[in-house]
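Please consider the following structure, beginning with backbone geometry in two loops and moving on to a helix, a pocket and the overall fold.

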Amino acid sequence: MFQILRSSSIFVMIFLIIIWLITTIIISQFNLQPYTWEFKNFLIGQNLNHGYRIYKDIRENIGPLSANFYQLIDFLNIPITWNAYLATGIIVLQAIIFQRTISRYLLLPSLGNLPFFIYSLFFHFSMEFLVPNGSMLGLLFLLLAWNEILAQQSTLKVNDRVFLIGLYIGIASVFFLSYALFIFWAILSLLFYSSINVRQIILLIVGFSLFYIFTGLIFSYRDNLQAFIDVYKNSAFVVYIPTTLQIKQILLAYIPAMILGIWGFAKVLNSTKINSNAQKAQQTNLMWLLISVMIIFIIPTVERINLVFLMPSLIYFTLNLFYLFKSYWKKELLIITIFIAMIFSLSNEWTEVGQQRIMTQKLKIRNEKIMVLGPQIEEYQNNQMTGPFVNWELSKSLFTNLNQYKTIIMMHDYFDKDMPSYIYDPESNFKKLGYYLPELTNQYLLIDAHTYKKINN
């Protein structure tokens with residue numbers, strides 16, 4: 001198998017893509033419920049097309065460009081069941097960039113289509129990787145930045161294309177806010193392994209800042225800038241320690257890549273086969289990995305999909321094994337080992353599939369405008385979501401600060417914008433509004449333990 005994969009023929013790559021599409025089609029036939037975060041992103045796109053503004057009208061810590069991506073998906077009427085195909089397209093594009101970069105700068109000669117194959121294979125260690133989100137979308141631009149950094153490191157003199165590196169990282173971080181830390185990776189990589197000067201560092205920072213400036217101008221025009229800044233401060237740079245369960249889930253998806261990556265890096269340390277460009281690439285990817293470990297503790301939500309930025313550096317280090325192993329049987333055995341690890345990881349994830357995916361709707365309400373004052377977003381599955389409370393962890397603090405005039409004005413605006421036909425209130429928050437907004441609460445009648453219905457006037 002290794003002999004086939006090491007071929008540089010375009011037909012081998014096309015064959016691999018076809019195999020991947022067939023696999024995606026098979027997985028799609030299981031008709032699994034969407035992940036909770038997947039359904040939440042679907043609701044965000046839906047509400048943006050109904051005139052809501054991200055952050056101000058929709059309380060969520062998603063990146064601005066990610067929100068626009070889901071808005072586009074909803075605008076094009078692409079169903080949520082097509083997410084696996086969208087993710088496949090994104091990852092295939094990333095794998096092509098990854099392979100072309102390795103081939104262009106002769107980082108690991110004679111591997112042909114193997115980098116594409118291994119990149120694709122590693123993105124099958126979890127079913128979450130078959131759903132697009134901000135971290136996956138932003139990773140595409142981080143790979144473009146990596147390609148540009150290697151281009152600068154391969155020449156004797158750095159040119160003004162460093163602006164593109166900053167621009168790519170800026171775009172990536174507007175997709176996934178925590179990616180902003182990769183600007184330090186870019187600066188350090190160019191400082192240590194190229195002849196970059198102060199003017200070019202400033203040019204890189206200007207490129208990084210450009211998309212933020214553009215985003216800030218749009219938000220300022222739409223009276224949404226302060227809300228964006230608040231979310232950025234409270235989500236992108238808040239240290240969060242994962243729970244034991246989250247660590248277990250993450251390790252099941254990433255530990256094969258970690259073991260192989262660390263093994264590959266350790267093996268290359270004593271090798272004399274690596275050329276100068278490859279040595280710079282190894283060190284640059286080590287810095288990528290170190291920055292990635294730091295980002296783990298400041299991502300807004302700990303999910304397997306949100307850690308995909310770990311993959312490129314681990315995949316690159318793993319490829320060292322294929323390059324440095326002398327015996328073909330070892331290379332074949334390594335491919336088989338990766339396949340076994342993938343199957344083991346997916347089988348373990350399958351046993352917990354019900355825990356991670358959205359639950360069945362409990363309310364009997366169907367095809368109505370509904371607002372849920374709690375974390376039970378599954379009630380929106382057969383109804384139209386109304387209001388900004390898509391992320392209850394960010395929203396529930398509003399109901400503990402109702403004594404503030406600013407909060408009351410916000411609540412009034414939320415309901416006035418689009419009055420729901422039903423309000424589901426499992427945590428008894430709606431009755432708290434009665435003291436401050438009686439003209440609002442008087443329009444609803446309690447018809448069940450936690451359900452209110454709007455009175456037709």
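Asp223 is exposed, with a relative accessible area of 54%; here exposed means over 50% relative accessible area, buried under 20%, and partly exposed in between, for a 1.4 Å probe and protein chains only. The residue lies in the loop between H10 and H11, where helices (H or I, at least four residues) and strands (E, at least two) are DSSP runs numbered from the N terminus. Asp223 has a positive phi of about 55 degrees, although it is not a glycine. Most residues other than glycine have a negative phi.

Tyr55 also has a positive phi, of about 80 degrees, without being a glycine. It is placed in the loop between helix H3 (36-48) and helix H4 (64-75). Tyr55 is buried, with a relative accessible area of 3%.

The model is predicted: local features need pLDDT of at least 70, side-chain atom pairs count only at pLDDT 80 or more, and totals for chains, interfaces and linings use all residues. Residues are numbered from 1 along each chain as its sequence is written, and side-chain values use heavy atoms, with hydrogens and water left out.

Helix H7 (residues 134-153) is mostly covered, as 19 of its 20 residues are buried. The expected span of a helix is 1.5 Å times one less than its number of residues. For H7 this gives 28 Å, and the end C-alpha atoms are 29 Å apart, which agrees.

The second largest pocket has a volume of about 740 Å³. On a 1 Å grid over the protein atoms alone, a pocket is an open set of points where a 1.4 Å probe fits, with protein on both sides within 12 Å along at least five of seven lines; lining residues have an atom within 4 Å of a point. The volume is the space filled by probe spheres set on the points, which are joined across faces, edges and corners. This pocket is lined by 27 residues, of which Arg59, Ala227, Asp230, Lys406 and Met410 lie nearest its centre. Helix H10 (198-221), helix H11 (225-236) and helix H18 (405-417) are the elements that give two or more residues to the lining, and H18 gives the most, with seven.

The protein as a whole has 19 helices and five strands. Of its 457 residues, 55% count as buried. Its C-alpha atoms fill a box of roughly 80 × 50 × 40 Å, taken along the principal axes.
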